[in-house]
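Subject: Structure for your review

Dear colleague,

Please find the structure below, together with its sequence. A summary of what was found in it follows.

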Amino acid sequence: MKLIPLPAFDDNYIWMLHDGRKALVVDPGDAEPVLAALQREGLKLQGILVTHHHSDHTGGVDRLRNSTGASVFGPAGEKMPEPLQRQHGGDSVQLLGLQFQVLDVPGHTAGHIAYFANIPHEAPVLFCGDTLFSGGCGRLFEGTPQQMLASLSQLSALPDATRVCCAHEYTLSNLKFAVEVEPDNPHLMAYLAQCQAVRGQGLPTLPSTLDTERKINPFLRSEQPTIVASVRRFDAQGLTSLGAFATLRLWKNQYR
Ligand code: ZN
Ligand code: FE
């Protein structure tokens, strides 16, 4: 199986997974880069997985469905380009001979879902849309901090080697904030240097792995004593009334 991030807009990735003949894509905000990749690699599009309703994730769905006949799968609880097969947490989607588990991960949007699959003889893949980013997490447009924390905890429980396929290249700006929060984390400093080198060559920092994210992502580590201490320095009152995760998210919203 080949896993490829197709760049779109300023900083989106449309993930493509293919077996040399058939392909699936995730969150095609634009049809053009997908059609170009299908043609270049000689692939037939079998399925489209959508994580949430934002237009930078859905804008290319109609054109791709109409021009390829691919099946479309998306969240049960959100307004989506029709027709599609609506998915709830606990459902599964069969594509490319793989079984994708659907996970409910509300927070960025109210009905956001993610897709996880084991791949024989390869690391598993997680398509998490705008929930988990490398070094960060999505903004809370529709959900509560409690929902996002539960969603991230669910993702964080997946296997170490899981390839984390996020929908945006936000890694360096996320890591700038992460270093502010946790300056003494050696894993974080090493990962920052690695990502700076990768971006210097114009390459994607993604996919990340869950093992890496658990070591460096402050939003998966908000109960760590060092992070709680940083959050307390930012806003001691917020920490006691809202909790570490919610206060950390508010801090990031206003961080420049
Ligand atoms: Zn979004
Ligand atoms: Fe997005």
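Which residue bridges the zinc ion (ligand 1) and the iron ion (ligand 2)? The bridging residue is Asp-130, and the two ions lie 3.2 Å apart. Please bear in mind that this is a predicted model.

The metal site

Besides Asp-130, which contributes an OD atom, three histidines coordinate the zinc ion (ligand 1): His-52 through NE2, His-54 through ND1 and His-108 through NE2. These donors sit at 2.2 to 2.3 Å from the zinc ion (ligand 1). Along the chain they follow the spacing H-x1-H-x53-H-x21-D. His-52 belongs to the loop between β4 (44-49) and α2 (55-58), whereas Asp-130 belongs to the loop between β10 (122-129) and β11 (132-133), so this pair ties together parts of the chain that are 78 residues apart in sequence. Both His-52 and Asp-130 are buried.

What is the geometry of the site? The angles among the four donor atoms of the zinc ion (ligand 1) run from 86 to 173°, and the site is irregular. A tetrahedral assignment would require all angles to lie between 85 and 135 degrees, and the range found here extends to 173°. For reference, the ideal angle for four tetrahedral donors is 109.5 degrees.

His-54 and its surroundings

His-54 lies in the loop between β4 and α2. Its relative accessibility is 18%, and His-54 therefore counts as buried, the cut-off being under 20%. The side chain of His-54 makes a polar contact with the side chain of His-108 at 3.1 Å. Leaving aside neighbours within four places in sequence, His-54 is in contact with His-108, Thr-109 and Phe-141.

The chain as a whole

The chain has ten helices and 14 strands. Its radius of gyration is 18 Å, which agrees with the value near 18 Å expected for a compact globule because the chain has 256 residues. Taken along the principal axes, the C-alpha atoms fill a box of roughly 55 × 40 × 35 Å.

Of the 256 residues, 54% are buried. Among contacts with a separation of 6 or more, 57% are between residues 24 or more positions apart. The chain exposes about 11,000 Å², and carbon and sulfur atoms supply 51% of that area.

Yours sincerely

Notes. Residues are numbered from 1 along each chain as its sequence is written. Chains are lettered from A and ligands numbered from 1 in the order in which they are written. This is a predicted model: local features need pLDDT of at least 70, side-chain atom pairs count only at pLDDT 80 or more; totals for chains, interfaces and linings use all residues. Side-chain values use heavy atoms; hydrogens and water are left out. Donors are N, O and S atoms within 2.8 Å of the metal (3.2 Å for Na, K and Ca); water is not among the atoms, so sites may look incomplete. Four donors count as tetrahedral if all angles lie between 85 and 135 degrees; four count as square planar and six as octahedral if opposite donors are over 155 degrees apart and all others between 65 and 115; anything else is irregular. Helices (H or I, at least four residues) and strands (E, at least two) are DSSP runs, numbered from the N terminus. Buried means under 20% relative accessible area, exposed over 50%, partly exposed in between (1.4 Å probe, protein chains only). The radius of gyration is taken over C-alpha atoms; the globule rule is 2.2 Å times the number of residues to the power 0.38. Contact means heavy atoms within 4.5 Å. Accessible areas come from the Shrake-Rupley method with a 1.4 Å probe; for residues, only the protein chains shown count as cover. A polar contact is a pair of N or O atoms within 3.5 Å; within protein, one must be able to donate a hydrogen and the other to accept it, and residues adjacent in sequence count only if both atoms are side-chain atoms.
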